[in-house]
Amino acid sequence: MVKQLAVSFALAASSCQLFAQTVSVPAQDQFFDNIARYCGQAFEGRVTEANFTGVETFTENRLVMHVRHCSDDRLEIPFHVGNDHSRTWILTKTGSGIQLKHDHRTKEGVPDNATMYGGHTVDAGWPHAQSFPADDFSKHDFIRRRQPQSLWNTWHMYIYPGEFFAYRLTREGRELRVDFDLTKPVDLPPTPWGYEDTN
């Protein structure tokens, strides 16, 4: 009897693991694929909404996104601001949604003091739009960095193939949005800092 129960539990655990590995939300898969179809291409953007302090960094520099690395469950998208090549957006399928992280590196390629903050989807979203409210890691990091106002950050990404891609950050009373023209690919930007040894 004990042996039969052990076998039953093992089979149940195996089934649960298999189910967890194959969970997929069609809207999120389509969103992921809509971006991945541009793998290897770069596009120029412009600020379309901005009332954050320090936004001059974005309005006074050329903005380029590069869908640089794509796999079945991870997209790496460097976001170049002028000669600053420190930013890379990382989208990862987690089995329970999509995670967005902001990988910031110094010129030496090491992690910046502020890095890997971001969020995770909390619903299915849409094939053309996903939102990422700040996760617990990010909230702890914002407190560490004395930026409690950022606890309510939500990042958004919109992708309309053949038209535009948009990156947006919102919190109460604040918004930053950058739109990228997908109809006009541009020359590839330099390798982002810290990624010299990766494809």
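What is the volume of the largest pocket? About 660 Å³. A pocket here is an open set of points on a 1 Å grid over the protein atoms alone, with protein on both sides within 12 Å along at least five of seven lines. Its volume is the space filled by probe spheres set on the points, and lining residues have an atom within 4 Å of a point.

This is a predicted model, in which local features need pLDDT of at least 70 and side-chain atom pairs count only at pLDDT 80 or more, while totals for chains, interfaces and linings use all residues. Residues are numbered from 1 along each chain as its sequence is written, and side-chain values use heavy atoms, with hydrogens and water left out.

**The pocket lining**

The largest pocket is lined by 25 residues. Closest to its centre are Phe52, Phe58, Tyr117, Leu169 and Leu176. Helix 3 (56-59), strand 5 (84-93), strand 6, strand 10 (164-171) and strand 11 (174-186) each give two or more residues to the lining. Strand 10 supplies the largest share, 3 residues. By type, the lining holds 12 nonpolar, 9 polar and 4 charged residues. Nonpolar covers Ala, Val, Leu, Ile, Met, Phe, Trp, Tyr, Cys and Pro; charged covers Asp, Glu, Lys and Arg; the others, Gly among them, are polar.

**The whole chain**

The chain has 4 helices and 11 strands. These are DSSP runs numbered from the N terminus: helices are H or I with at least four residues, strands are E with at least two. Of the 199 residues in the chain, 43% are buried. Buried means under 20% relative accessible area, exposed over 50%, and partly exposed in between, with a 1.4 Å probe and protein chains only. Contact means heavy atoms within 4.5 Å. Among contacts between residues at least 6 apart in sequence, 49% join residues at least 24 apart.

**Two helices with a buried face**

Helix 2 (residues 26-36) buries Ala27, Gln28, Phe31, Phe32, Asn34 and Ile35. Seen down the helix axis, these residues fall within an arc of 160 degrees, so they line one face of helix 2. The arc is that of the directions from the axis to the C-beta atoms. The buried residues of helix 2 pack against strand 4 (74-81), strand 5, strand 6, strand 8 (129-133), strand 9 and strand 10.

Helix 4 (residues 136-144) buries Ser138, Asp141 and Phe142. Their arc is 100 degrees, so they too line one face of their helix. They pack against strand 6 (98-104), strand 7 (117-120) and strand 9 (154-160). The face turned away from the buried side carries the exposed residues Asp136 and His140.

**Two residues with positive phi**

Most residues other than glycine have a negative phi. Methionine 116 and arginine 146 have positive values.

| Residue | Phi | Place | Relative accessibility |
|---|---|---|---|
| Methionine 116 | about 60 degrees | loop between strand 6 and strand 7 | 30%, partly exposed |
| Arginine 146 | near 60 degrees | loop between helix 4 and strand 9 | 72%, exposed |

Arginine 146 comes just after helix 4.

**Arginine 177**

Where is arginine 177 found? This residue is in strand 11. Its C-alpha atom and that of alanine 166 are separated by 6.9 Å, with the two residues 11 apart along the chain. Leaving aside neighbours within four places in sequence, arginine 177 is in contact with Arg46, Val47, Thr48, Glu49, Tyr158, Phe164, Ala166, Tyr167 and Arg168.

How values were computed. On a 1 Å grid over the protein atoms alone, a cavity is a set of points where a 1.4 Å probe fits but cannot get out, and a pocket is an open set with protein on both sides within 12 Å along at least five of seven lines; lining residues have an atom within 4 Å of a point.
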